[in-house]
Amino acid sequence: MFEEKVALVTGASRGIGKAIAIKLAAGGAKVIVNYAGSKDKALEVVEQIKAAGGEAIAYQCDIGDFGAVEKMIGDVLEQYKRVDILVNNAGITKDNLLLKMSPEDFEQVVDTNLKGTFHTIKCLTKPMMKQRYGRIINLSSVSGVMGNAGQANYCASKAGIIGLTKSVARELASRGITVNAVAPGFIETDMTSVLDDKVKEAMMAQIPAKRLGSTEDIANAVAFLASQESSYITGQVINVNGGMYM
Ligand code: NAP
């Protein structure tokens, strides 16, 4: 499905990004497993992919740092000559009620989640335009679509990703490049494991499917948007949330 394709997945050392990297590699893509600090975990993902017969490398880069992203993309293009699939998955939370939220915590979340997504797209737009092919998939969130008390910074960043996705989709559609967002609901990862039981129960009550999502649920949607079969889908937000928002 992804033979001869090169995929860059940000934040692929853990959680949803890891599942996406493994899924794309299983389909034949050469995968760059980006991470911020978890080198050992990123290398484990690479080893897992190689053990299954795939090809991958790990690359440390803080996506919030434009200079570092420029260097990463430059190195990747030198090694692989192209990037066909870009998955902007890396993300962080720094939850607090607005009254208690510091400007620093707002800024850090927006810098990583929203500006990080802009940085990678900015650096890959020209190469993708030249190759007249690209699949860009940005991870938003049900929180970015609905809003969520205690997550003003996170929701602003994830809603911003939707606006960014739609604008870039309009700019690049004629060049064979699709740009879509996937908005996961409540998925079992490190990010949600820190929530207390009361919050988890309240979330569960809102999910018609009556279960949390798995990382594979998200990877399956991303893989479809990353495939050639999705070529007439662009500027969309695919909600993968067990019916939590419809
Ligand atoms: P996670 O388990 O906390 O993993 C986050 C990943 O992002 C890690 O690989 C981390 O790398 C990487 N990362 C963080 N900051 C980075 C930076 N500045 N530069 C590069 N990489 C960075 O998160 P997750 O739950 O899998 O979430 C993945 C994405 O889905 C996020 O965008 C999140 O907002 C979104 N999402 C998740 C849920 C959910 O319920 N879990 C719901 C909706 C949306 P290190 O390991 O090196 O720190």
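**Exercise 1. A helix residue**

T192 is found in helix α7. In this predicted model, local features need pLDDT of at least 70, side-chain atom pairs count only at pLDDT 80 or more, and totals for chains, interfaces and linings use all residues. Residues are numbered from 1 along each chain as its sequence is written, and side-chain values use heavy atoms, with hydrogens and water left out.

Task: Is T192 buried or exposed, and which residue's backbone oxygen lies 2.6 Å from a polar atom of its side chain?

Solution:
- Step 1. Fix the classes: buried is under 20% relative accessible area, exposed is over 50%, and partly exposed is in between (1.4 Å probe, protein chains only). The areas come from the Shrake-Rupley method.
- Step 2. T192 has 14% relative accessibility, so T192 counts as buried.
- Step 3. Look for a polar contact (a pair of N or O atoms within 3.5 Å; within protein, one must be able to donate a hydrogen and the other to accept it, and residues adjacent in sequence count only if both atoms are side-chain atoms). The partner is I187, through its backbone oxygen.

**Exercise 2. Contacts of the ligand**

Task: Which protein atoms lie 2.7 Å from an oxygen atom of the ligand, and how much of the ligand does the protein bury?

Solution:
- Step 1. Take the side chains. S13 places a polar side-chain atom 2.7 Å from a ligand oxygen.
- Step 2. Take the backbone. G37 has a backbone N or O atom 2.7 Å from an oxygen atom of the ligand. For I187, a polar backbone atom is 2.8 Å from a ligand oxygen.
- Step 3. Turn to area. The ligand taken alone exposes 900 Å², and the protein buries 93% of that.

**Exercise 3. The shell and its pocket**

Task: Which residues come nearest to the ligand, which elements give two or more residues to its shell, and what is the shell's make-up by class?

Solution:
- Step 1. Count residues with a heavy atom within 4 Å of the ligand. There are 32 around the ligand, and G37, S38, N89, Y154 and T189 come nearest.
- Step 2. Locate the space. The ligand takes up the largest pocket. A pocket is an open set of points on a 1 Å grid over the protein atoms alone, where a 1.4 Å probe fits, with protein on both sides within 12 Å along at least five of seven lines. A molecule sits there if more than half of its atoms lie within 2 Å of the grid points.
- Step 3. Assign elements, which are DSSP runs (helices H or I, at least four residues; strands E, at least two). Those giving two or more residues are α1 (15-26), β2 (30-35), α6 (152-172) and α7 (190-193). α7 gives the most, with three residues.
- Step 4. Sort by class. The shell has 14 nonpolar, 14 polar and four charged residues. Nonpolar here means Ala, Val, Leu, Ile, Met, Phe, Trp, Tyr, Cys and Pro; charged means Asp, Glu, Lys and Arg; the others, Gly among them, are polar.

**Exercise 4. N89 across the sequence**

Task: Where is N89 found, and how many residues apart in sequence are N89 and L139?

Solution:
- Step 1. N89 is in the loop between β4 (85-88) and α4.
- Step 2. N89 is buried because its relative accessible area is 11%.
- Step 3. N89 and L139 are 50 residues apart in sequence, but 5.2 Å apart C-alpha to C-alpha.

Terms used. A residue is near a molecule or strand if one of its heavy atoms lies within 4 Å of it. Accessible areas come from the Shrake-Rupley method with a 1.4 Å probe; for residues, only the protein chains shown count as cover. On a 1 Å grid over the protein atoms alone, a cavity is a set of points where a 1.4 Å probe fits but cannot get out, and a pocket is an open set with protein on both sides within 12 Å along at least five of seven lines; lining residues have an atom within 4 Å of a point.
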